[in-house]
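Q: Can you walk me through how the labels on this structure follow from its geometry?

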Amino acid sequence: MTSSKTYDAIVVGAGHNGLTAAAYLAHAGLSTLVLERREIVGGCCVTEEIAPGCRVSTTSYIASMLRPEVIRDLRLGEFGLRMVPCDPAIQVAFPDGKVVPWWAERERAVAEFRKYSVKDADTFVRVDDQLKRLARYLQPFFLEPPPEIETGSVQGWADLFRVGKRFRSITNGDLAELILFLTGSLGEFLDHNYESEVIKTLFLANNVYGKHGGPYQPGTAIGLLFHLLSGGAEEVQGFYGHVMGGMGSITQALAAAGQKLGVEIRTSAPVARIDTRHGKVRGVVLEDGTEIRSKLVLSNADPKRTFLKMVDSSELPGEFLHAIRGIKMEGPCAKVNMVLSEEPRFTGTPAQYTPLERTFYTIVPSLEFAEKCYDIAKFGEIPEELWVDCVVCSNADDSLVPKGKHVLTCFVQYVPYHLRQGTWDENRELLGDRVVKKIGEHAPNVPNSILTRQVLTPLDLERTYGLTEGNIFHGDLRLEQLFFMRPVPGWSQYRMPIAGLYLCGAGTHPGGGVTGAPGHNAARQVLRDWKMVRRKGAVA
């Protein structure tokens with residue numbers, strides 16, 4: 001069965017990047033359809049009910065780098081988006097019962113650090129200035145395609161010139177430091193600059209989320225720069241925010257903004273394949289057999305799901321397929337969400353703390369702990385001791401639950417996608433038990449107050465949310481898979497080998513996180529190509 005309506009563009013997947021791209025395309029006048037296989041929009045940026053009346057951000061859980069340009073351009077505040085800054089931005093619960101905050105205001109953070117090392121507090125000021133300066137060099141690249149390193153073409157030279165202009169004021173020292181952060185390890189950087197294990201652990205708690213490799217692996221220092229890119233409506237460097245209504249409020253606002261611009265959204269409409277013929281896209285075919293025609297298709301699915309499951313391999317170059325198969329995935333994280341009968345009481349939390357200050361806790365005692373945890377997981381074992389991020393969402397937003405109840409969402413790493421023994425279906429509750437045990441060491445009232453528990457293993461992230469191998473970033477954030485190497489070398493500018501087919505998800509530059517940048521950039525690239533084709537047609 002063929003749909004009677006033809007669209008200018010179809011977006012496969014209503015995650016936040018797909019919705020962002022669709023809204024920009026519709027704003028430019030393209031008739032745009034978004035197709036989502038689940039019954040709700042949002043992808044991994046959703047708020048879902050896990051018990052009657054109890055809602056939680058089931059997957060993504062903190063807003064940090066949501067692009068201010070996207071918020072402004074699509075006027076998301078008018079569609080209900082509201083974020084409250086996390087303060088403290090990071091808070092670590094240590095085994096000795098101390099709870100150490102990293103306050104959002106730098107002067108307050110420095111005063112806290114002085115309790116552990118005067119020298120490190122002074123170092124922090126110097127390094128923070130340095131990191132923010134270096135992050136500003138990277139900032140412009142977030143909202144534009146990576147350069148095509150091709151000196152045999154005019155476009156290649158133009159891209160190199162564009163990159164050169166970005167760095168025209170950089171000093172030799174800054175360039176050396178930038179290379180260090182792009183290639184070095186977080187652990188070595190911290191050991192070289194700081195003496196206090198407490199302060200080193202605070203930095204650790206702010207980095208390597210969802211990334212392969214412990215803190216002493218090369219390339220893990222890059223998070224120090226990425227997390228200082230600006231975010232939020234006020235464009236604050238290093239912004240962390242609780243989203244009122246949960247993370248789903250972001251995608252609900254994006255959907256509403258897009259629909260006002262003319263975007264059509266269909267849920268429970270899984271795409272079986274992207275229809276191509278003779279190197280050109282023709283539309284999509286749904287699982288129920290419905291064919292929908294379009295001139296353009298943007299896939300918000302990850303590169304492996306898109307090209308290994310949705311596109312006929314005979315339509316793709318062999319080298320391209322080989323590169324796609326080689327993308328490092330194997331997501332190293334999981335989520336555990338709970339409804340509790342009482343607020344978690346973390347040992348060491350000052351009595352005068354406000355509910356917002358009692359919202360965000362990280363349980364990771366040291367860099368050595370994190371490195372050992374990864375070493376166990378990389379060989380297919382579930383570590384006995386886990387790194388757990390805890391967000392008491394109901395303390396930030398009590399509208400998420402009925403009075404007297406609380407919701408706790410926990411991000412867990414490191415865990416393997418491939419288990420050495422058994423399956424994730426067999427080990428799901430084991431993982432949940434170990435997470436609860438670890439939390440109970442710091443908040444003893446939690447284990448006996450659990451009313452509902454939802455455990456999302458890497459396999460569940462794949463099955464439910466469409467993340468190949470459970471990778472939350474659509475491909476690991478490692479140097480050889482970033483910038484003009486993302487998703488694969490030669491195809492970093494959102495266009496794919498089939499004419500009219502584009503990627504717009506986190507598997508493209510600049511990568512994962514709830515930023516909206518890949519969707520924004522892909523839409524702009526589509527529109528540039530669209531205008532060029534129309535101009536050529538008019539001349540012909």
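A: Happy to. This is a predicted model, and a good place to start is helix 15 (residues 424–440) with helix 16 (residues 458–465): their axes come within 9 Å and cross at roughly 115°.

Q: What makes helix 15 and helix 16 count as being in contact, and which residues meet?
A: Contact takes heavy atoms within 4.5 Å. On the helix 15 side Trp424, Asp425 and Arg428 take part, and they meet Pro458, Leu459, Asp460 and Arg463 of helix 16.

Q: How do the residues of that contact divide by type?
A: Between helix 15 and helix 16 there are three nonpolar, no polar and four charged residues.

Q: Why are helix 3 and helix 4 called roughly antiparallel rather than roughly parallel?
A: Look at the angle: the axes of helix 3 (residues 106–114) and helix 4 (residues 118–138) cross at roughly 150°. The label roughly antiparallel is for angles over 145 degrees, so helix 3 and helix 4 earn it. Their axes come within 7 Å.

Q: Which residues make the contact of helix 3 with helix 4?
A: Helix 3 brings Arg106, Val110, Phe113 and Arg114, while helix 4 brings Val118, Ala121, Asp122, Phe124, Val125, Asp128 and Asp129. By type, that contact has six nonpolar, no polar and five charged residues.

Q: How do you know whether lysine 309 is buried or exposed?
A: Exposed means over 50% relative accessible area. Lysine 309 has 57%, so it's exposed.

Q: Where does lysine 309 lie, and what is it in contact with beyond its neighbours within four places in sequence?
A: Lysine 309 is in helix 11 (residues 303–310). Leaving those neighbours aside, lysine 309 contacts Ala272 and Lys304. Lysine 309 and arginine 273 are 36 residues apart in sequence, yet their C-alpha atoms are 7.3 Å apart in space.

Q: Why is cysteine 54 not in a disulfide?
A: A disulfide needs two cysteine sulfur atoms within 2.5 Å. For cysteine 54 the closest cysteine sulfur belongs to cysteine 393, and that's 11 Å away, so it's too far for a bond. Cysteine 504 is in no disulfide either: the nearest cysteine sulfur, in cysteine 44, is 14 Å away. The structure as a whole holds zero disulfides.

Q: What about accessibility: are cysteine 54 and cysteine 504 buried or exposed?
A: Buried means under 20% relative accessible area. Cysteine 54 comes in at 0%, so it counts as buried. Cysteine 504 also has a relative accessible area of 0%, so it is buried as well.

Note on methods: Residues numbered from 1 in each chain as written. Predicted model: local features only at pLDDT ≥ 70, side-chain atom pairs only at ≥ 80, totals over all residues. Heavy atoms only, no water. Axes fitted to C-alpha atoms, helices over the stretch in contact; angles between N-to-C directions. Helix = DSSP H or I, 4+ residues; strand = E, 2+ residues; numbered from the N terminus. Parallel < 35°, antiparallel > 145°, perpendicular 65-115°, else oblique. Nonpolar A, V, L, I, M, F, W, Y, C, P; charged D, E, K, R; others polar. Buried < 20%, exposed > 50% of the residue type's maximum accessible area, 1.4 Å probe, protein only.
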